Amino acid sequence: MKDAAPQPIYLADYTPPAFLIDTVELTFLLNPTATRVISKIRFTPNPNATSKEFFLHGEELTLIRATIDGKEITPEFVEDGLTADVPDAPFTWETEVEIAPEDNTALSGLYMSNGMYCTQCEAEGFRRITYYPDRPDVMAPFKVRIEGTDPVLLSNGNPTASGDGWAEWHDPWPKPAYLFALVAGDLVARDDSFTTMSGKEVDLKLWVRPGDEGKTAFGMQALKDSMKWDEEVYGREYDLDIFQIVAVSDFNMGAMENKGLNIFNTSAVLASPETSTDANFERIEAIIAHEYFHNWTGNRITCRDWFQLSLKEGLTVFRDQQFSGDMRSKAVCRINDVSALRGRQFREDNGPLAHQVQPDSFVEINNFYTATIYEKGAELIGMMKTLVGDDAYAKALDLYFERHDGEAATIEDWVKVFEDSTGRDLTHFRRWYKQAGTPRVAVSDDWKDGTYTLTLRQSTPPTPGQDEKLPQHIPFAVGLLNPNGDEVVSTQILELTEAEQSFTFEGLAAKPVPSLLRHFSAPVILERDSSPEERAFLLAHDTDPFNKWEAGRTLAKDVLVALVTGEDAPLEAYLDAITVMLRDESLDPAFRALTLGLPSQDDLAQTLFDAGITPDPQKIYRAQQTLWQAMAEHLQDHLPRMMAEMDVTEPFAPNAEQAGKRALGLGLLNLLNRLDGGAAAQTLYDKADNMTLRLGALGYLLQAQKGDAALADFRKQFEDDDLVMDKWFSLQVYHAVPDEAADVVEKLSKDPAFNWKNPNRFRALFGALAMNPAGFHHSSGKAYELGADWLIKLDPVNPQIAARMTSAFETWRRYDADRQAMMKAQIERMLNAEGISRDSQEMLGRILNG
Ligand code: TRP
Ligand code: ZN
């Protein structure tokens, strides 16, 4: 069986659970190598069941005993769990199992990190703790008793009793097993409290290891801001006496929304000015909000099955994006969100791993925590809001919470709520959930006798398993500017539902310039042949901030593509336009900083590939360097003054205003660095009193090949801080010149501080390699081989992380024959590795054959 292709499971095969659970009581006798878990579960036959078979999931468990209504039984072990003969009436099931948290390197189930016990149960980790119907549509209230020598013993819900060496918890809200959590260790808390809108006092605790207390203030404030925001914007109040967050060093993802006891990767919660960058602060605020918001969108209303994952993730991402927009700059947040969507989701959607927001089948659910489920899912919700309007959206959400509170719901339930509350038929819109791939929208226009006509044509390229695509329902936001730059038609939403449609605008005095797909109103690729003059015009005049930025980005892209292909580049038009924008003090510095970040190398590779040109990673890299050099020379005389204007004189605060100034200052330093050989970067490194500037300066020193002394100094200062050392690792790889990237990684992989079993550290090194495309795709093939070596090594230890990181190879078909052959050989080598996990086997198979 071992080498057989793993079998997928299908949405169409869903059946309701045979048994429901009234109550669960768990007792944990903690021990690193032999923890005992005693479960007492009250089962009732489900009146709506189609089968009476009693089945419990279980994985890596040693069964000590099992009883039904107090009588010892011998269950039958089957694949993935056990079955038993049970009464056709309510009964009490008890088992005792033994598990070894210390040997659990997969970080799923109960495991140990830095001497503390913690759990991760989503998606299917609870079955590694005890025998249980580990599926999200089985919900139950939990009582938990923990016995152990650790000073702090935590679980979900409210604390009910405790004594020396034990603690009891009760979570009254029925929940699926994936939301279970337990933590035990030597921990200290930052305490605070929050008064909810109905006047209830909630205890807040942020637990960390002793020594990390100084990094908890920002996270606590973000939590309180999130609680307040969810009350004000969604009318959602918190529902327990206590809300806790625990920071854990070894964690597979960012964080987890366990009911009342969120568990966080230290990187997603610990923050201080000396050790965290502005980008870290922003991400931490967003993740704390995300996990908190799950309390309603995920926990109170959960998913019927994992095919509905985007029901909670898409909606919760949408909510955390709204929150960040309210806390910071809406325009800047939207631009960053769209850049991330294009960088990760478009890449996925245009390659072998493309899949539906609601998949029809999967092999390993852990492989479906993807940019498509999360970020594209969020875009679908944004489109629904655009289509029905803000008020109708608010009403629909009220109905959603009212109708489905306490349920395990489906995406269909979600869409139905919008139909019932607005009276709109969303049959056509539903296609967004079932059709993979990124639609292309080609735009042409016509001007005749005072009538302006926009013609939109949509098509979606085939994706694996889906050759034929139907037209989508696309909300397409448009505004029109007249030739002197005034807006003559303010933003309106065109609803594109057919393959081709024309829209006319009457009563205009002159041919307008269209501002298309404003605020990125749909996750599509816009195709429009436009002149550099038109792009520069929009960059100067567009009133939609997203499109103003977009005009600069497309112009930069035109320049870069021309530099790669050797065509005439509209360099002057770009440099003039960007200079005007950078010097426009009416614009937010954060916004101006974004215009200095060029389209990514990966984005350019995809763009060239789409245009029928085989991308050469080295040429793309050089084009970027050339353009930055040209910008530096063009702006030479202005740089020192512009940089000085971005100096922050007030004490450090991680707010959007200061962060914007730092971002622009560093963006300008990237240019100056190409003229002064690292002198200004060294000055900044020496005087920096915060991580944002220190790390920025260090990166530019590395770029100027002058980083050795600063790197050593940085290490000495931060040697004991894991999160900062992660930065030390990744920065060197990220800034390595293409010829040296693989060697740098190889050298660092031998560093005593390279603790490869820690996901953050592994990602710091190998994630950074994948983010250095010219280094990863070096013609020697060395980086491909090194990457594959390490994924093969990691896979048996932590299959979730290994499988996720195989996506570095997902773009292999884009490249030339030599690179394709080298990448394919490595993909096959990994696939044939002895004992390859189901997780990685699925990913690699899809990458190879998709
Ligand atoms: N539900 C979590 C979130 O989106 C993410 C998550 C899913 C996760 N699976 C996980 C986190 C495994 C850690 C490990 O917030
Ligand atoms: Zn989530």
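What follows is a short exchange about a predicted model.

Colleague: Which residues are the closest to ligand 1?

Modeller: The model is predicted. In it, 15 residues surround ligand 1. The closest are Glu122, Glu257, Glu291, Glu313 and Tyr374.

Colleague: How far is the polar side-chain atom of glutamate 257 from a nitrogen atom of ligand 1?

Modeller: Glu257 is among the closest residues to ligand 1. A polar contact needs N or O atoms within 3.5 Å. The glutamate 257 side chain puts a polar atom at 2.8 Å.

Colleague: Which ligand atom lies 3.5 Å from the side chain of lysine 312?

Modeller: Two other side chains reach ligand 1 with an N or O atom. For histidine 290, the partner is a ligand oxygen, at 3.4 Å. For lysine 312, the partner at 3.5 Å is a nitrogen atom.

Colleague: What share of the accessible area of ligand 1 does the protein cover?

Modeller: On its own, ligand 1 has 370 Å² of accessible area. The protein covers 98%.

Colleague: Which elements each supply at least two residues of the shell around ligand 1?

Modeller: By class, the shell has six nonpolar, four polar and five charged residues. One strand and two helices each give at least two of the shell residues. They are β20 (255-256), α2 (278-293) and α3 (309-327).

Colleague: What is the volume of the largest cavity?

Modeller: A probe the size of a water molecule, rolled over the atoms, shows where empty space is left. This structure holds three cavities of 30 Å³ or more. The second largest has about 40 Å³. The largest has about 50 Å³.

Colleague: Which element gives the largest share of the lining of the largest cavity?

Modeller: Residues lining this cavity include Trp549, Arg553, Tyr574 and Leu594. The lining has six nonpolar, three polar and one charged residues. α10 (545-565), α11 (571-582) and α12 (589-596) each supply at least two. The largest share, four residues, comes from α10.

Colleague: And which element gives the most to the lining of the second largest cavity?

Modeller: The second largest cavity is lined by Gln601, Asp602, Ala605, Pro617, Ile620, Pro773, His777 and Tyr815. Two elements give two or more residues, α13 (601-610) and α14 (617-635). The classes are five nonpolar, two polar and one charged. With three residues, the most comes from α13.

Colleague: Why is the pair of phenylalanine 19 and phenylalanine 54 edge-to-face?

Modeller: The whole structure has 51 aromatic pairs. In this one the ring centres are 5.4 Å apart. Planes over 60 degrees apart count as edge-to-face. The pair of phenylalanine 19 and phenylalanine 54 is edge-to-face because its planes stand at 85°.

Colleague: How many residues apart in sequence are the parts that this pair ties together?

Modeller: Phenylalanine 19 lies in strand β2 (residues 19-29). Phenylalanine 54 sits in the loop between β3 (35-45) and β4 (55-57). The pair therefore ties together parts separated in sequence by 35 residues.

Colleague: What is omega for the cis peptide bond between glutamate 122 and alanine 123?

Modeller: Most peptide bonds are trans. The bond joining glutamate 122 and alanine 123 is cis. Alanine 123 is in the loop between β11 (116-120) and β12 (140-147). Glu122 is among the closest residues to ligand 1. Omega is about -5°.

Colleague: Where is leucine 107 found?

Modeller: Most residues other than glycine have a negative phi. Leucine 107 has a positive value, near 60°. Leucine 107 is in the loop between β9 (91-99) and β10 (109-113).

Conventions:
Residues are numbered from 1 along each chain as its sequence is written. Chains are lettered from A and ligands numbered from 1 in the order in which they are written. This is a predicted model: local features need pLDDT of at least 70, side-chain atom pairs count only at pLDDT 80 or more; totals for chains, interfaces and linings use all residues. Side-chain values use heavy atoms; hydrogens and water are left out. A residue is near a molecule or strand if one of its heavy atoms lies within 4 Å of it. A polar contact is a pair of N or O atoms within 3.5 Å; within protein, one must be able to donate a hydrogen and the other to accept it, and residues adjacent in sequence count only if both atoms are side-chain atoms. Accessible areas come from the Shrake-Rupley method with a 1.4 Å probe; for residues, only the protein chains shown count as cover. Ala, Val, Leu, Ile, Met, Phe, Trp, Tyr, Cys and Pro count as nonpolar, Asp, Glu, Lys and Arg as charged, and the others, Gly among them, as polar. On a 1 Å grid over the protein atoms alone, a cavity is a set of points where a 1.4 Å probe fits but cannot get out, and a pocket is an open set with protein on both sides within 12 Å along at least five of seven lines; lining residues have an atom within 4 Å of a point. Grid points are joined across faces, edges and corners, and a volume is the space filled by probe spheres set on the points. Rings of Phe, Tyr and Trp (its six-membered ring) pair if their centres lie within 6.5 Å; planes under 30 degrees apart count as stacked, over 60 as edge-to-face and the rest as tilted.
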